[in-house]
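Here are my notes on the model you sent over. Have it open next to you while you read.

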Amino acid sequence: MVWGANTDVGKTLVSAGLAAAARRNKAVITFLKPVQTGFPEDSDARLVALASGAAQLQGPHAARLTEGQRSHAQPGSQNHSIAKTMFAWTTPISPHAASAAEGHHVSDADLLAAVTNGLNAAADACQGTQGLALVETAGGPASPGPSGNLQCDCWRPLRLPAILVADARLGGISVSLSAYETLLSRGYDVPFIVMAGGRQSDVNSQAIRSNVGPDTSVVVLPGALPEAPTRRSNTELDSNLKEWLVECEATFDSLLGQLFANHQQRLNLLNNAASSAQKNLWWPFTQHSTVLEDSVTVIDSRCGEQFAVYQPGKEPESPARLQMQYDACASWWTQGVSGELQAKLVRSMAYAGGRYGHVIFPENTHQPALDLAEKLLSGAGQGWADRVFFSDNGSTAVEVALKMGMRKFVHDRPGIIWNGGPALHVMGLTNGYHGDTLGAMDAVAQSPYNSFDQTPWYQSRGLFLDPPTCGLSHGQWQVQLPSELQGHAEHQGHKLQLAFSTREELFSNRGDMQSIYTAFIASAMDQYESANGDGSEAPRRIASCIMEPVIQGAGGMVMIDPAFQRALAEVCQQRNIPVILDEVFSGLWRLGRLTAAQMLGIKPDIACYAKLLTGGMLPLSATLATNSCFEAFQHDSKLKALLHGHSYTAHAVGCSTATTALDMYTDPTCNPNLQLHSSSGLAQVPQLRELWESSLVDQLSRHERVQRLVVLGTVFAAELKTSGKAGYGATEAIQVTKDLRSKDRRWSRGKPHLLYSQLASLL
């Protein structure tokens, strides 16, 4: 892709020189000019066609301005070589202004589709021969396109390698380096900067060379740009331009060779990536013996919810391509923003990195940490939280929360000697998961994650109740009770309502059911604390309750009956047992509300947030706590402080990015899915609109292979019926997952019996 650092820097002349060099090299030429103003009097495609002998073409949008004029091949044109104008306006002004003045609007999606089709056609046209495809922009990287969006953002999904034509004039150093930095910050590769000769070229090129990376070559053309002709010809080049092209032939031939070499180097890296990964990497949650080399997904880049995945192909019949795939697992549930807004997060990262780098945090502060703490306390922690403790990921946020909860429990019972006394345990739910660190592993029931093969030192340290679960089946939200809870309810003679026509009914205040759950939970806690067997076991006390609110993510997208979790929190808080909500998965708009705690109406003592916190850009987590938790650590001795932290605690880059992400989630101009008012126009608690087509959801809930659906906020999960082994031993979803990747271009990573898809909150 050919970019200009400024106007009148010779962008099209560089394209013409490269196209002419390609002709001398007998390469197939494809020159695409997606956006042209001042057309048809000004036509960059016409100049390139005259210089290279390519056929001059117009797309339908541009052709409306040349009715009666025929597209034609230039004398001596090569087979399949073209120079094409795609979208055009007559007024010679900025594309967004021309589109506004003349109409015939074009969206970014229209531009991308047209250029993608043109590049695919170019690849097909080569038929095993060498080819050169040039896509020339209109203006600089930060110039608006027809939609008004910056061109560096408009073209970002393609991420074509950039040739930046620098400004050789006085003042050109600054604008050239600014354009270079703009492209890099969007994730473009800039292998070449080209500059025309002239009085300032030596000074400018030296300054630019000293300020660009080692992967960027600066090429200076031998002569100054030729003056624009007083009269334009549609059939031949101006004599001055001809002379300039001849003068620059050797340089353009050399540059073309470097372009081909750079392209081959890129292909070599992509072709070798899968085998190199298998040789050198140790993937998480992966059995390497089952991963074949051709099943390794090589990701060239990401834009919004899409991966650019490398497809090697079988040249020449099927050339290598980059194919867009939808990231259906939101890259392990981290992605929160659209491609259009990704640049805002990158700017926040760059600003904080440039201002702070990293600074030590204990006894210090910086504005990004203060801003994020205030944002969290007034948002996710509103009405209950007073303090924020930063750490690096969800698992360590849980470790911090467990330490907080245990200390508060002990602090609130000053008359008991704990060192050598009753053992401190947690209360939670079966099938839970709170991370891979040692404390988090002990705070859940036995599972594949903490089996002997994974964690040989695992020791269960808690009471883990088998909860009632729910899902959508045959058009109804149905609650399934575990056998022990079913027996308890029947013994009490209760009549149970276990089916609901709407999700709102399921989440409503179901007092009768909650009272049944409350009695069951209280009885189980009493039995657990009093059952010491034959006396060989030390007394034990439930010192904290930890649970994933509403949905257990890693456990298989299992939705817990909201009434049961309300009852669990109520019983624990009545007994002054701290309640910890692990919202690493469920929090920050994942389920359609700011927090899952809001959905349940629970005010916890401690809550953990991560994943969506930074919009999916980099690791950061936060543990929010009440002031009473904080006070439990206050003492004259440092030994009583919370002795936990890591080197990059509250890193400024992460805090700044997270603040920007949280702002975007709640800004209606950024988040089109945010609803601030009800259908009647009254203000309501902010929530996301329904993101999944209701009729399709109902249809799938009735499918013969579907056991249940969980559809909530950005989450869609389908548990398939199994014919043999359940859980990790099942196989029903494996082939479906493979088909989604290969046929539907959806990168999915579910479980052997479970398919799921997640959307970004900001689409």
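The points below cover two helix pairs, two backbone oddities and a cavity.

1. First, a reminder that this is a predicted model, so read every value here as computed from it.

2. Start with α1 (residues 11–24) and α2 (residues 44–52). Their axes come within 8 Å and cross at roughly 30°. Anything under 35 degrees counts as roughly parallel, so α1 is roughly parallel to α2. The crossing of α1 past α2 is right-handed.

3. What holds the two sides of that pair in contact, residue by residue? From α1 you have T12, L13, S15, A16, A19, A20 and R23, and from α2 the partners are D44, L47, V48, A51 and S52. Sorted by class, the α1 and α2 contact has seven nonpolar, three polar and two charged residues.

4. Just ahead of α2, have a look at P40, which sits in the loop between β2 (28–36) and α2. The peptide bond leading into P40 from F39 is cis, with omega near 10°. For context, most peptide bonds are trans.

5. The other backbone point is W332, in helix α11 (residues 330–333). Its phi is near 55°, a positive value, and W332 isn't a glycine. Most residues other than glycine have a negative phi.

6. Now the second helix pair, α12 (residues 339–355) and α22 (residues 652–665). Here too the axes come within 8 Å, but they cross at roughly 150°. The cut-off for roughly antiparallel is over 145, which means α12 runs roughly antiparallel to α22. α12 passes α22 in a right-handed crossing.

7. Which residues meet in this second pair? On the α12 side they are L341, K344, L345, S348, M349, A352 and G353; on the α22 side, A652, V653, S656, T657, T660, A661 and M664. That contact divides into eight nonpolar, five polar and one charged residue.

8. Last, the cavity. Searching the whole structure for cavities of 30 Å³ or more turns up one, and the largest cavity has a volume of about 40 Å³. Its lining is made up of G428, L429, G432, H434, A443, V444, F464, I546, M547, E548 and Q552. Two elements, β13 (423–429) and β18 (540–547), each give two or more residues to that lining. By class, the lining has six nonpolar, four polar and one charged residue.

Key:
Residues numbered from 1 in each chain as written. Predicted model: local features only at pLDDT ≥ 70, side-chain atom pairs only at ≥ 80, totals over all residues. Heavy atoms only, no water. 1 Å grid on protein atoms, 1.4 Å probe; cavity = no way out; pocket = protein on both sides within 12 Å on 5 of 7 lines; lining within 4 Å. Points joined across faces, edges and corners; volume = space filled by probe spheres on them. Helix = DSSP H or I, 4+ residues; strand = E, 2+ residues; numbered from the N terminus. Nonpolar A, V, L, I, M, F, W, Y, C, P; charged D, E, K, R; others polar. Axes fitted to C-alpha atoms, helices over the stretch in contact; angles between N-to-C directions. Parallel < 35°, antiparallel > 145°, perpendicular 65-115°, else oblique. Left-handed = near helix turned anticlockwise from the far one by under 90°. Contact = heavy atoms within 4.5 Å.
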